[in-house]
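Reader: Could you take me through the charged side-chain contacts and how each of them is defined?

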Amino acid sequence: MSLDTIEQEVRDNLMKFAGLGYKVKFVFDDGPAFVLDGTATPPTLTAEDGDADCTLRLSAENMEKLMAGTLNPTLAYSLGKLKVDGSLGVALKLAAMMEE
């Protein structure tokens, strides 16, 4: 799955993140950064490298697995496949919202 496809899939599911209340930045090993603004109503996704409450660093391949539900976020974090800068609580809240 390409980064463009990942971005589009997140855009298609933005309403899942209504009520998140935080900004989360996704930084990919092999591409650009995206910022999910869960403070906006409705939530937005921008391809700008802005400030965030939590930054998730991972590969596009692991993001695809997380979105498909074949990689558990907690396991990915434990194995070093997902790195979290900033609030771990925000990352856990996001993970719970992705599972819904």
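**Salt bridges**

Author: R11 is partly exposed, at a relative accessible area of 31%, where buried means under 20%, exposed over 50% and partly exposed in between (1.4 Å probe, protein chains only). This is a predicted model, in which local features need pLDDT of at least 70, side-chain atom pairs count only at pLDDT 80 or more, and totals for chains, interfaces and linings use all residues. Residues are numbered from 1 along each chain as its sequence is written, and side-chain values use heavy atoms, with hydrogens and water left out.

Reader: Which residue forms a salt bridge with R11?

Author: A salt bridge is a side-chain nitrogen of Lys or Arg within 4 Å of a carboxyl oxygen of Asp or Glu. The partner is buried, with a relative accessible area of 15%, and because the two are four residues apart in helix α1, about one helical turn separates them; helices (H or I, at least four residues) and strands (E, at least two) are DSSP runs, numbered from the N terminus. With the closest N and O atoms 2.8 Å apart, the residue that pairs with R11 is E7.

Reader: How many residues apart are R57 and D85?

Author: R57 and D85 form a salt bridge whose closest N and O atoms are 2.7 Å apart. The pair links distant parts of the chain, R57 lying in strand β4 (residues 54–58) and D85 in strand β5 (residues 83–86), and the separation is 28 residues.

Reader: How many salt bridges are found in the whole structure?

Author: Besides the pairs above, the side chains of E61 and K65 meet in a salt bridge (3.3 Å, N to O). A search of the whole structure gives a total of three.
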